[in-house]
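Trainee: Please choose one part of this model and look at it closely with me, then connect it to the rest of the chain.

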Amino acid sequence: MESSLPDLEAILLVGGQGTRLRPLTLGTPKPLLPTAGVPFLAHQLARARSFGVRRIVFATSYKASMFEPVFGDGEAFGLSLEYMTEETPLGTGGAIRNAAEALTSGPDDPVLILNGDILSGHDIGDQIRTHVDRSAAVTLHLTEVDDPTRFGCVPTDDDGRVTDFLEKTPNPVTNRINAGCYVFTRSVIDQIPRGEVVSVERQTFPGLIESGELVLGYADHTYWLDVGTPAAFVRGSRDLVLGRLASPALPGPTGEYLALDGAVVSPEAKVQGGSTVGARAVVEAGASVLGSVLADDCVIHAGASVTDSVVGRGARVCAGAVVCDAVIGDGAVVGPGNELQAGVRIWPGIELPERAVRYSSDV
């Protein structure tokens, strides 16, 4: 659904270091990790474009120079892209204020703020229209989760007005949380101190609420995922390939697996569950790949099993090895007979000898 607002602008927050995803993020910022066959941000850019966004300012910090070579001026996405870098991290509010220097919006215009580690199926256009119709200062996308202690807890009144903003509290009063997509009125962004470390969650939002400004909650129950951990990253890629979340950026049809250019999957291999097989990757006969992300140029040898895992660029999983809920770094080699489970992470370039790691007691 297209927004009726012309030339809508957005700020995309992509400055985080992605420490929870190491070693995947040692050389690549989290928003650039291949997700269902394309850099993660490609899905966000395509969705934003579908809701009428035409210009996006990237708020970069960690490995900032890597973004522009991937996305350029945005023409391939039907967008105009600008890049603003924080020399030192300024927090979420400081990053938004710094990026706002590149906006062309007027003081009363809505500005969409997106987080570079969120997959969401909510109606961005409806969130923006709600913001404009109610003349809100800020409108926050809210979603409900089973464990709200890990997120900002956001209670609202019957009219949708946010009454408090409780950042990561051990005793949440609601399971409705900050879903990381905001609509700001431009003049409200301009009130954030420039060049200072500011948290919108701990300072800006509570300050606006305390001063009586209208901070709205836009709550829904659509697909939502924070891809900040390896398990969540794998799930996000899997859900996109399976079509559980639609994305205009998916480089092929939805289904049991997505194979990129030059990938070789043996007819005798079992590849299922929304797996991605990277460019020139090889899955040999008798191998099993379930719900996993295989990066470019990796090899899954005959009889190996990979489940709910990430196998990095150029890595190899040798015959008979079992990899489950694990991250295998770029260029690593998992020797024959190894069993890797339970969130284990193998750093790039490491070679595990035959049967170096076992969970079973058999020989």
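**Phe58 and its surroundings**

Mentor: Setting aside residues up to four places away in sequence, Phe58 touches Leu12, Val14, Leu41, Leu45, Phe67, Phe71, Leu81, Glu82, Tyr83 and Met84, where contact means heavy atoms within 4.5 Å. This is a predicted model, in which local features need pLDDT of at least 70 and side-chain atom pairs count only at pLDDT 80 or more, while totals for chains, interfaces and linings use all residues. Residues are numbered from 1 along each chain as its sequence is written, and side-chain values use heavy atoms, with hydrogens and water left out.

Phe58 belongs to the largest nonpolar core, which has 37 residues, and together with Ile56 it touches the most other members. Such a core is a set of buried Ala, Val, Leu, Ile, Met, Phe, Trp, Tyr and Cys residues joined through side-chain atoms within 4.5 Å; buried here means under 20% relative accessible area, exposed means over 50%, and partly exposed lies in between, with a 1.4 Å probe and protein chains only. Helix H1, residues 40-50, gives this core its largest share, four residues; helices are DSSP runs of H or I with at least four residues, strands are runs of E with at least two, and both are numbered from the N terminus. A second core, separate from this one, has 28 residues, among them Leu13, Val57, Val154 and Ile209. In soluble globular proteins, nonpolar side chains tend to be buried together.

Helix H1 also leads to an empty space in the model, since it supplies four residues, the largest share, to the lining of the largest cavity. On a 1 Å grid over the protein atoms alone, a cavity is a set of points where a 1.4 Å probe fits but cannot get out, and lining residues have an atom within 4 Å of a point. By this rule one cavity of 30 Å³ or more is counted, and the largest cavity holds about 170 Å³ of space, a volume being the space filled by probe spheres set on the points, which are joined across faces, edges and corners. Its lining has 14 residues, of which Gln44, Arg47, Leu114, Ile118 and Ser120 are the closest to the centre. Besides H1, strand S6 (110-115), strand S7 (118-120) and strand S11 (176-185) each supply at least two residues of that lining.

Strands S6 and S11, which help to line the cavity, also bring us to His131, in helix H4 (residues 124-134). His131 counts as buried because its relative accessible area is 2%. Apart from neighbours within four places in sequence, His131 is in contact with Pro110, Ala136, Ala137, Val138, Thr139, Val183, Phe184 and Thr185.

Thr229 offers another view, from the loop between strand S13 (224-226) and helix H7 (230-242). Its relative accessibility is 28%, so Thr229 counts as partly exposed. Beyond its neighbours within four places in sequence, Thr229 is in contact with Arg20 and Leu21; the C-alpha atoms of Thr229 and Leu21 are separated by 5.4 Å, although these two residues are 208 residues apart along the chain.

For the setting as a whole, the protein chain has seven helices and 30 strands, and 54% of its 363 residues count as buried. Among contacts with a separation of 6 or more, 52% join residues 24 or more positions apart. The C-alpha trace spans about 70 × 45 × 35 Å along its principal axes.

How values were computed
On a 1 Å grid over the protein atoms alone, a cavity is a set of points where a 1.4 Å probe fits but cannot get out, and a pocket is an open set with protein on both sides within 12 Å along at least five of seven lines; lining residues have an atom within 4 Å of a point.
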